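User: I would like to learn how to read salt bridges and sheet pairing in a model. Can you take me through a case?

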Amino acid sequence: ELLPHKGWVVPSKRTQDAVRLEAQPSKGGMRLTFDMGNKTLGVEGGDLAEVLTGFKDVIQFAESLGELPPEVKTDYVEFQYVGRIKAKRSPVEVMSSHFNDSPRVAKVTAALKHLLPVPGEGLGLYSLRLAPRGLDPNRPEWAEITIFPAPIYGNNQYHFDLIFRSEDRAATEQVAENAHDILKALIREIEAG
């Protein structure tokens, strides 16, 4: 009920017993997301700076409503950044040349050569996925970057998916603020070969 006072559009329908949301609350190009079962609250949208500002505003607003009971705590804050970024070189060629010289990749692809007939020169790596070594992702501290060619947009873009999760909200916000620079640095390293 208080979100419209903060500029959010809250499409709802009043019934005799309650207020029912008909769609996600929105503000500009952002949408408020929440899952009562998972007890999650978030902001999503197409503009990184707008979403980060919206997230900070929503959290500050929620905190201004009063203290939460002592047993209620935030387990972690997660940031996910998905999109496309321009390449200087062909992402398909970069991925092929950068990783396929690895003896392990050659061994794996050779084992499949006769079992899986594919066009061209055979199988090879097409993407890069980086995550903490030896850890599973089911933890409150996690980071992961996936990057691969996005050929449906021409042969000059990478598709990326960056996930960062931390118990420290400030750390997550800092990664969000630097996300574009993180991706540009990764692409520079990959393209440098």
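User: How many salt bridges does a search of the whole structure find?

Analyst: This is a predicted model. A salt bridge needs a side-chain nitrogen of Lys or Arg within 4 Å of a carboxyl oxygen of Asp or Glu. Searching the whole structure by that rule turns up eight salt bridges.

User: Which residue meets Arg-31 in a salt bridge?

Analyst: Glu-44 does, with an N to O distance of 3.1 Å between the side chains. Arg-31 belongs to strand β4 (residues 30-35) and Glu-44 to strand β5 (residues 40-45), so this pair ties together parts 13 residues apart in sequence.

User: Are Arg-31 and Glu-44 buried or exposed?

Analyst: Buried requires under 20% relative accessible area, and exposed requires over 50%. Arg-31 has 32% relative accessibility, so it counts as partly exposed. Glu-44 has 33%, so Glu-44 is partly exposed as well.

User: Which parts does the pair of Arg-169 and Glu-63 tie together?

Analyst: Start with the contact itself. The side chains of Arg-169 and Glu-63 form a salt bridge at 3.1 Å, N to O. Arg-169 lies in helix α4 (residues 169-192) and Glu-63 in helix α1 (residues 48-64), so the bridge ties parts that are 106 residues apart in sequence. Arg-169 has a relative accessible area of 31%, which means partly exposed.

User: Which residues are linked with Arg-169 in a network of salt bridges?

Analyst: Glu-63 and Glu-173 are linked with Arg-169 in that network.

User: What is the distance between the closest N and O atoms of Arg-139 and Asp-136?

Analyst: They are 3.2 Å apart, and the two residues form a salt bridge. Arg-139 is partly exposed at 28% relative accessibility. Asp-136 is partly exposed at 36%.

User: Now the sheet. What is the order of the three strands?

Analyst: Read the order from one edge to the other. Here the order is β3-β4-β5, in an open sheet with antiparallel pairing. The edge strands are β3 (26-27) and β5, each pairing on one side only.

User: How many bridges join β4 to β5?

Analyst: Six bridges join these antiparallel strands. One residue pair to look up is Asp-35 and its bridge partner in β5, Thr-40. The salt bridge between Arg-31 and Glu-44 also connects β4 with β5.

User: Where does α1 lie?

Analyst: Helix α1 lies across β3, β4 and β5. Its direction is about 150° to β5. Glu-63, the salt-bridge partner of Arg-169, sits in this helix.

Terms used. Residues are numbered from 1 along each chain as its sequence is written. This is a predicted model: local features need pLDDT of at least 70, side-chain atom pairs count only at pLDDT 80 or more; totals for chains, interfaces and linings use all residues. Side-chain values use heavy atoms; hydrogens and water are left out. Helices (H or I, at least four residues) and strands (E, at least two) are DSSP runs, numbered from the N terminus. Buried means under 20% relative accessible area, exposed over 50%, partly exposed in between (1.4 Å probe, protein chains only). Two strands pair if DSSP finds at least two bridges between them. Contact means heavy atoms within 4.5 Å. Axes are lines fitted to C-alpha atoms, for helices over the stretch in contact, and angles run from 0 to 180 degrees between N-to-C directions.
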